[in-house]
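Grab a pencil and open the viewer, because here comes a short set of exercises on one protein model. Try each task yourself before you read the solution.

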Amino acid sequence: MTQQSWVPEAQNPQAYLDGDSIIQLDDDAVTAIVRDLRRNAPDDVDFARAAFDWVRDEVDHSYDIQDPRVTLTAGEVARERVGLCYAKSHLLTAILRSGGIPTGLCYQKLADNDGHVLHGLVAVYLEGGWHRQDPRGNKEGVTAEFSLTEERLAWPVDPTLGEIDYPQVFVSPVPSVVKTLGEAKQESILDVTLPTSLEDQSIR
């Protein structure tokens with residue numbers, strides 16, 4: 001699948017620069033990462049690539065390492081260095097917005113055993129357009145790379161399996177993701193039922 005096959009529904013890029021209680025731009029752990037990355041990557045594209053690589057490679061995916069800890073906010077992910085795809089996307093969004101790059105949250109509906117699961121990724125606004133990036137972390141059979149041309153996501157969708165590339169670029173995480181991770185705080189994230197699809201929601 002190429003970048004041109006995904007047509008984003010997004011607000012003005014300026015709407016994707018602020019933080020909130022989850023996309024924490026001012027968290028000390030987040031700002032420390034931004035400072036370190038910006039020091040070696042003053043160019044926006046280089047900075048975005050470095051931030052993507054850092055979150056992809058330095059934050060473990062909970063399922064890949066079977067880590068039961070629950071992380072939701074950008075600061076939690078930066079400190080704990082572990083999280084699901086949603087949480088890793090929250091951190092990458094915070095890092096990039098803090099560095100001045102408009103970044104939104106995107107989702108896919110992917111086949112999962114006999115059903116489906118909601119998968120989280122980001123879209124960055126660079127070189128005059130939106131470009132999706134997937135920082136979930138590489139493993140055997142999964143290779144996601146930063147790209148502003150042809151998309152290199154972890155999982156291109158297969159519509160024959162009922163999979164969906166949702167077009168919306170969200171300013172904030174969708175409520176179903178926040179609710180699931182928030183309620184999992186007293187449990188193991190490995191035992192939580194994840195959202196299966198994106199409810200009909202407009203970008204905000």
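**Exercise 1. The pocket**

How many residues of the lining of the largest pocket are nonpolar, how many are polar and how many are charged?

*Solution.* Keep in mind that you're looking at a predicted model.

Step 1: Find the pocket. Its volume is about 320 Å³, and 21 residues line it. To get to the middle, look for Tyr 63, Asp 112, Val 117, Leu 118 and Leu 194, which lie nearest the centre.

Step 2: Sort the lining by type. You should get eleven nonpolar, five polar and five charged residues.

Step 3: Ask where the lining comes from. The elements giving two or more residues to it are α3 (62-65), α5 (85-98), β3 (103-112) and β4 (115-126). The largest share, four residues, belongs to β4.

**Exercise 2. The cores**

Which element gives the largest share of the largest nonpolar core?

*Solution.* Step 1: Look at the core as a whole. It has 53 residues, and those with the most contacts inside it are Tyr 86, Leu 91, Ile 95 and Tyr 107.

Step 2: List the elements that give two or more residues to this core: α1 (28-40), α2 (44-58), α4 (74-80), α5, β3, β4 and α6 (175-183). The largest share, eight residues, comes from α5.

Step 3: Zoom in on one member, Ile 95. Skip its neighbours within four places in sequence, and you find contacts with Val 30, Ile 33, Val 34, Leu 37, Phe 47, Ala 51 and Val 55.

Step 4: Don't stop there. There's a second, separate core of nine residues, with Trp 6, Tyr 16, Leu 121 and Leu 153 among them.

**Exercise 3. Phe 52**

Is Phe 52 buried or exposed?

*Solution.* Step 1: Locate Phe 52 in helix α2.

Step 2: Check its accessibility. The cut-off for buried is under 20% relative accessible area. Phe 52 has 1% relative accessibility, so it counts as buried.

Step 3: See what surrounds it. Leaving out neighbours within four places in sequence, Phe 52 is in contact with Leu 92, Gln 133, Asp 134, Pro 135, Ala 144, Glu 145 and Phe 146.

Step 4: Try a distance too. From C-alpha to C-alpha, Phe 52 and Ala 87 are 13 Å apart in space, with their positions 35 residues apart in sequence.

**Exercise 4. Thr 180**

Which backbone oxygen does the side chain of Thr 180 reach?

*Solution.* Step 1: Go to helix α6, where Thr 180 sits.

Step 2: Follow the side chain of Thr 180 to the backbone oxygen of Ser 176, at 2.8 Å.

Step 3: Look further along the sequence. Not counting residues up to four places away, Thr 180 touches Val 192, Thr 193, Leu 194 and Pro 195.

Step 4: Decide whether it's hidden. Thr 180 has 14% relative accessibility, so it counts as buried.

**Exercise 5. Two unusual phi angles**

What is the phi of Gln 66, and what is that of Asn 113?

*Solution.* Step 1: Start with the usual case. Most residues other than glycine have a negative phi.

Step 2: Read off the angles. Gln 66 isn't a glycine, yet its phi is positive, about 55°. Asn 113, also a residue other than glycine, has a positive phi near 55°.

Step 3: Place them. Gln 66 is in the loop between α3 and α4, and Asn 113 is in the loop between β3 and β4.

Step 4: Check accessibility; exposed means over 50%. Gln 66 has a relative accessible area of 52%, so it is exposed. Asn 113 has 75%, so it is exposed as well.

Definitions and conventions
Residues are numbered from 1 along each chain as its sequence is written. This is a predicted model: local features need pLDDT of at least 70, side-chain atom pairs count only at pLDDT 80 or more; totals for chains, interfaces and linings use all residues. Side-chain values use heavy atoms; hydrogens and water are left out. On a 1 Å grid over the protein atoms alone, a cavity is a set of points where a 1.4 Å probe fits but cannot get out, and a pocket is an open set with protein on both sides within 12 Å along at least five of seven lines; lining residues have an atom within 4 Å of a point. Grid points are joined across faces, edges and corners, and a volume is the space filled by probe spheres set on the points. Ala, Val, Leu, Ile, Met, Phe, Trp, Tyr, Cys and Pro count as nonpolar, Asp, Glu, Lys and Arg as charged, and the others, Gly among them, as polar. A nonpolar core is a set of buried Ala, Val, Leu, Ile, Met, Phe, Trp, Tyr and Cys residues joined through side-chain atoms within 4.5 Å. Buried means under 20% relative accessible area, exposed over 50%, partly exposed in between (1.4 Å probe, protein chains only). Contact means heavy atoms within 4.5 Å. A polar contact is a pair of N or O atoms within 3.5 Å; within protein, one must be able to donate a hydrogen and the other to accept it, and residues adjacent in sequence count only if both atoms are side-chain atoms.
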